[in-house]
Amino acid sequence: MKTFTSHNRPREVLDSILQNDATLSKEQRAAKYAKMSVSPYRFFRGTNHLFWQDFFRDWHFALFGGVPECQTWIQGDAHVYNFGAFGNENGEIIYGMDDFDDSIIADYQYDLWRLAISTCLDCRENGFFSTGKIQKAIRSLAKGYLKEATAPNHGQTQAKPLKRFLKIVKRKAHRHELLEKWTD
């Protein structure tokens, strides 16, 4: 595995992006790079492979896990816009992570770190919070992640504002309407 070093980091990042996107057409690459150039958050979203190259086998894992017992199915591309309302196997409308095309069995910390980074970048991009408030939000995120990951009915707890939102979704969005909206 290639390791990035600070003395040639810009060249390594560019080479990695070009290699990752080699199968895209010239037009597709231009469109993707135009989106990525808008902000650090958009760059982050367009370069999930860089995250994995940078964090895979990071020594910090040993501090908080890094053992087989910390492995689980992870989303693989966790960020703040990969959450949504959807129906579960019991026909209930729930809120949770979606977009599992990069899903893999790995240490839970990958998802937590990527989600925390995206939270910070999104807050900065949208001017929501000061650095102190962003840090507080990330601490709350980590605590909530732990609570959900260790809950007896994993992923089923809901705060009051979320319950209201899900009632609205259930009332407005029926499976047939959603299928018509999102499929051909």
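Me: Is L50 buried or exposed?

Reply: In this predicted model, L50 is buried, with a relative accessible area of 5%. The cut-off for buried is under 20%, so L50 falls in that class. L50 is found in helix 4.

Me: How far is L50 from N20, in sequence and in space?

Reply: The two residues are 30 positions apart in sequence, and their C-alpha atoms are 9.4 Å apart.

Me: N20 comes from which helix, and what does H49 do with N20?

Reply: Helix 1 covers residues 9–20. H49, found in helix 4, has a side chain that makes a polar contact with the side chain of N20, at 3.4 Å. Setting aside neighbours within four places in sequence, H49 is in contact with S16, I17 and N20.

Me: Is H49 buried or exposed?

Reply: H49 is buried, at a relative accessible area of 15%.

Me: What about T47, where is it placed and which residues is it in contact with?

Reply: T47 lies in the loop between helix 3 (40–46) and helix 4. At 4% relative accessibility, T47 counts as buried. Apart from neighbours within four places in sequence, T47 is in contact with I17 and M36. I17 is also among the contacts of H49.

Me: How should L18 be read, next to these buried residues?

Reply: L18 is found in helix 1 and is partly exposed, with a relative accessible area of 45%. The partly exposed class lies between 20% and 50%, so L18 belongs there. Beyond its neighbours within four places in sequence, L18 is in contact with R11 and Y33. L18 and R29 are eleven residues apart in sequence, with 8.9 Å between their C-alpha atoms.

Me: How are two packed helices described?

Reply: The description uses the angle between the axes and the distance between the axes. Here, helix 4 (residues 48–55) and helix 6 (residues 108–126) pack at an angle of about 125°, and their axes are 12 Å apart. That angle makes helix 4 oblique to helix 6. The crossing of helix 4 and helix 6 is right-handed.

Me: Which residues of helix 4 and helix 6 meet?

Reply: From helix 4 there are N48, F51, W52 and F55, and they meet Y110, W113, R114 and I117 of helix 6. By class, this contact of helix 4 with helix 6 has six nonpolar residues, one polar and one charged.

Me: How do helix 6 and helix 7 cross?

Reply: Helix 7 spans residues 131–150; its axis and that of helix 6 come within 10 Å and cross at roughly 150°. An angle over 145 degrees counts as roughly antiparallel, so helix 6 is roughly antiparallel to helix 7. The crossing of helix 6 and helix 7 is right-handed.

Me: Which residues make the contact of helix 6 with helix 7?

Reply: Helix 6 gives Y108, D111, L112, L115, A116, T119, C120, C123 and R124, while helix 7 gives I134, I138, L141, A142 and Y145. These residues divide into eleven nonpolar, one polar and two charged.

Me: Which residues is L121 of helix 6 in contact with?

Reply: Leaving aside neighbours within four places in sequence, L121 is in contact with P40, Y41 and F44. L121 and F44 are 77 residues apart in sequence, yet 8.5 Å apart in space, C-alpha to C-alpha. At 17% relative accessibility, L121 counts as buried.

Me: What is the sign of phi at D99?

Reply: Most residues other than glycine have a negative phi. D99 has a positive phi of about 65° although it is not a glycine. D99 sits in the loop between strand 3 (93–97) and strand 4 (104–107). At 35% relative accessibility, D99 counts as partly exposed.

Me: How many helices and strands does the chain have, and what pattern do they follow?

Reply: There are nine helices and four strands. Along the sequence the pattern is α-α-α-α-α-β-β-β-β-α-α-α-α.

Me: What share of the chain is buried, and what share of its contacts joins residues 24 or more positions apart?

Reply: Buried residues make up 29% of the 184 residues in the chain. Among contacts with a separation of 6 or more, residues 24 or more positions apart account for 65%. The pair of L121 and F44, 77 residues apart and in contact, has such a separation.

How values were computed: Residues numbered from 1 in each chain as written. Predicted model: local features only at pLDDT ≥ 70, side-chain atom pairs only at ≥ 80, totals over all residues. Heavy atoms only, no water. Axes fitted to C-alpha atoms, helices over the stretch in contact; angles between N-to-C directions. Helix = DSSP H or I, 4+ residues; strand = E, 2+ residues; numbered from the N terminus. Parallel < 35°, antiparallel > 145°, perpendicular 65-115°, else oblique. Left-handed = near helix turned anticlockwise from the far one by under 90°. Contact = heavy atoms within 4.5 Å. Nonpolar A, V, L, I, M, F, W, Y, C, P; charged D, E, K, R; others polar. Buried < 20%, exposed > 50% of the residue type's maximum accessible area, 1.4 Å probe, protein only. Polar contact = N/O pair within 3.5 Å; in protein donor to acceptor, adjacent residues only side chain to side chain.
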